[in-house]
Amino acid sequence: VLTLLLFNMRDVFNKDITKQKLKRLKKDYETLQDSSELLRQRFITMLGILDDGVAFRSEDDTMFGTQQFMSLMPFEEAEFSFDRFLKAMHPNDQASYLETLKKVSKRKPNYDAHYRMEHDGDSIWIKEKGVRLDVQKRTMYITMIKGLDVKRFPQSDIEVLNKLSIDKAFFEHIQALNHQRKTYTLVAFELSNIPAINNKYGREIGDLMMAEFISKMSYHFLKDVHAVFRLTGIRFAMAITDHRKVEMLRRALEQGGDLVNYKMTFGGVTEHVYPSFGMHVVDVFDEPVDAISDRVNKALNIALDDNTPENFFIIR
């Protein structure tokens, strides 16, 4: 439609136009207006049904937020400045947030950030995903946020922890895998320094870090985060049925890296978690499920022993 409109505009400027062409030009313009309005209404409607909050930041640092976005902000006006947004952020998190934005570029326009927002006399953790847009030498940002306080915002990432199944479901999962009569690998892991992180920063930070690590494990080695089971407060287990994923995990543990020393940043807080892993390859399917579970826990306990040189142990 736009191409046709521009083509007709050429006739206008060339003074080569008839009443019929003028009528067609008017019709094309009306069609273009209708299409533009339809797209606008669809976009507005889509924003209204999103659970997450969305905000737009223009090149002059003016921001506009949806209703969901504003519910997490300490001010009521839907239009506000980027400077005001920063001032509402916890002072300890402002520098790390700005540092994250500095790393955004045309080649790498996407970013993730965590920060605390002062809200109703309290601080709530926010998870933000954003993208930089460069259009006709103008730089703009679109951001999407959600609150990480599970009590206020039950769709938060921390719910990963609350929805994890416990021992009974873990046993049932093992039994279901045994019925398939295919070799699989049980993996138990413990985030042993989480209690120290809780003591230093509060349990909220510890929960955020555990949820982040579990999401990472699920993304790389499982198809479903609900296939991770919480055995105790800081001990978790999962079953990997894809032998290629098992080999990938084994190599990652042998080579070190994120799975041995995982660094996480939430606002102004940067810490490492030090997980230990026990692995048990299951190829006998007629044993009691509690015996199989005990074996993978035994492997993890060996990995946790100070005399074990590595942070993992495998029982075949």
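In the predicted model described here, Arg181 is found in the loop between helix α7, which spans residues 167-180, and strand β7, which spans residues 184-191. Arg181 is not a glycine, yet its phi is positive, at about 55°. With a relative accessibility of 45%, this arginine counts as partly exposed. A second residue of this kind is Asp61, likewise not a glycine, for which phi is positive at about 70°. Asp61 has its place in the loop between β1 (53-57) and β2 (62-65), and, because its relative accessibility is 31%, it too counts as partly exposed. Such values deserve mention because most residues other than glycine have a negative phi.

The strand that follows the loop of Arg181, β7, contains Val187. The relative accessibility of Val187 is 1%, and the residue therefore counts as buried, the limit for that class being under 20%. When residues up to four places away in sequence are not counted, Val187 touches Phe236, Ala237, Met238, Ile240 and Leu249, and also Phe277, Gly278, Met279 and Val296. A further relation links Val187 with Leu300, since these two residues are 113 residues apart in sequence while their C-alpha atoms are 8.5 Å apart in space.

At the level of the whole protein chain, the secondary structure consists of eleven helices and 13 strands. The chain has 316 residues, of which 41% count as buried. Of the contacts between residues at least 6 apart in sequence, 56% join residues that are at least 24 apart.

Among the helices, α8 (residues 194-201) and α9 (residues 203-221) have axes that come within 6 Å and cross at roughly 140°. The two helices are therefore oblique to each other, as the angle does not reach the range over 145 degrees that counts as roughly antiparallel. On the side of α8 the contact is made by Ile194, Ile197, Asn198 and Tyr201, which meet Arg203, Ile205, Gly206, Met209 and Met210 of α9. By class, the residues of this contact comprise six nonpolar, two polar and one charged.

Rolling a probe the size of a water molecule over the atoms shows where empty space is left. In this structure there is one cavity of 30 Å³ or more, and the volume of the largest cavity is about 40 Å³. Its lining is formed by Arg57, Met63, Phe82, Tyr97, Leu101, Tyr111, Glu128, Tyr141 and Thr143. Two or more of the lining residues are given by each of α5 (91-102) and β6 (138-147). The lining of this cavity is made up of six nonpolar residues, one polar residue and two charged residues.

The largest pocket, by comparison, holds about 560 Å³ of space. There are 19 residues in the lining of this pocket, and those that lie nearest its centre are Thr100, Lys103, Asp112, Ala113 and Thr265. At least two lining residues are supplied by each of α5, β4 (110-119) and β10 (262-266). The classes represented in the lining of the pocket are seven nonpolar, six polar and six charged residues. Helix α5 thus contributes both to the lining of the largest cavity and to that of the largest pocket.

Technical notes. Residues numbered from 1 in each chain as written. Predicted model: local features only at pLDDT ≥ 70, side-chain atom pairs only at ≥ 80, totals over all residues. Heavy atoms only, no water. Axes fitted to C-alpha atoms, helices over the stretch in contact; angles between N-to-C directions. Helix = DSSP H or I, 4+ residues; strand = E, 2+ residues; numbered from the N terminus. Parallel < 35°, antiparallel > 145°, perpendicular 65-115°, else oblique. Contact = heavy atoms within 4.5 Å. Nonpolar A, V, L, I, M, F, W, Y, C, P; charged D, E, K, R; others polar. 1 Å grid on protein atoms, 1.4 Å probe; cavity = no way out; pocket = protein on both sides within 12 Å on 5 of 7 lines; lining within 4 Å. Points joined across faces, edges and corners; volume = space filled by probe spheres on them. Buried < 20%, exposed > 50% of the residue type's maximum accessible area, 1.4 Å probe, protein only.
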